[in-house]
Amino acid sequence: MIQLLIRLACGLLAGLIAGRIINGKRTCLWASALLGLIGANVGETLLNWLHITVDAPYYVDQIITSTIGALFVLWLASKIKE
């Protein structure tokens, strides 16, 4: 149960960071959490596919991986909209 809460918190933070980088504005907390959770899965898959490891203390590596994945998801969504 605690792992789920930690993953949700990391996903929320990653979604907020990615939304701020791409859009330059704040996004809804629920949307940010969902984006971060999707980004966590996408980021982990993408980094594994590229054979890249993120080695950081505590949960920083999870936040970095989730942010990379969320940025990729937002970038892909913007390209699809065009």
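Start with helix 3, residues 60-81, where the buried residues (those under 20% relative accessible area, with exposed meaning over 50% and partly exposed the range in between, for a 1.4 Å probe and protein chains only) have a cover that includes helix 1 and helix 2. The model is a predicted one, in which local features need pLDDT of at least 70, side-chain atom pairs count only at pLDDT 80 or more, and totals for chains, interfaces and linings use all residues. Residues are numbered from 1 along each chain as its sequence is written, and side-chain values use heavy atoms, with hydrogens and water left out. Helices here are DSSP runs of H or I with at least four residues, numbered from the N terminus.

**Helix 3**

Select I63, T65, S66, T67, G69, A70 and L74, which are the buried residues of helix 3. If you then take the distance between the end C-alpha atoms of this helix, you should find 31 Å, which agrees with the 32 Å that its 22 residues should span at 1.5 Å a residue, the expected span being 1.5 Å times one less than the number of residues.

Within this set, pick out S66, which counts as buried because its relative accessible area is 2%. Once its neighbours within four places in sequence are set aside, S66 is in contact (heavy atoms within 4.5 Å) with A14, G36, G39 and A40.

**Helix 2**

Go next to G39, one of those contacts of S66, which lies in helix 2, the run of residues 29-49. G39 is buried because its relative accessibility is 0%. Leaving out neighbours within four places in sequence, the residues in contact with G39 are E44, T65, S66, G69 and A70. A18 is worth displaying together with G39, since the C-alpha atoms of the two are 9.3 Å apart in space although 21 residues separate them in sequence.

**Helix 1**

Now select residues 2-23, which form helix 1, and colour its buried residues, C10, G11, A14, G15, A18 and G19. Looking down the axis of helix 1, you will see that these buried residues fall within an arc of 165°, so they line one face of the helix; the arc is taken over the directions from the helix axis to the C-beta atoms. The buried residues of helix 1 pack against helix 2 and helix 3. For helix 1 the end C-alpha atoms are 31 Å apart, in agreement with the 32 Å that 22 residues should span at 1.5 Å each.

Towards the start of helix 1, select L5, which is partly exposed because its relative accessible area is 48%. Together with M1, I2 and L4, L5 makes a nonpolar surface patch of about 490 Å². From L5, a line drawn to W49, 44 residues away along the chain, gives a C-alpha separation of 27 Å.

**Backbone turns to inspect**

Two residues remain for a look at the backbone. G24, which follows helix 1, has a positive phi, near 75°. In the loop between helix 2 and helix 3, select H51, whose phi is also positive, near 60°, in a residue other than glycine. Most residues other than glycine have a negative phi. H51 is exposed because its relative accessible area is 73%.

Key
Patch = residues over 30% accessible without salt bridge, like charges linked within 9 Å, V, L, I, M, F, W, Y side chains within 5 Å. Areas by Shrake-Rupley, 256 points an atom, 1.4 Å probe, with all protein chains shown as cover. Salt bridge = Lys/Arg side-chain N within 4 Å of Asp/Glu carboxyl O.
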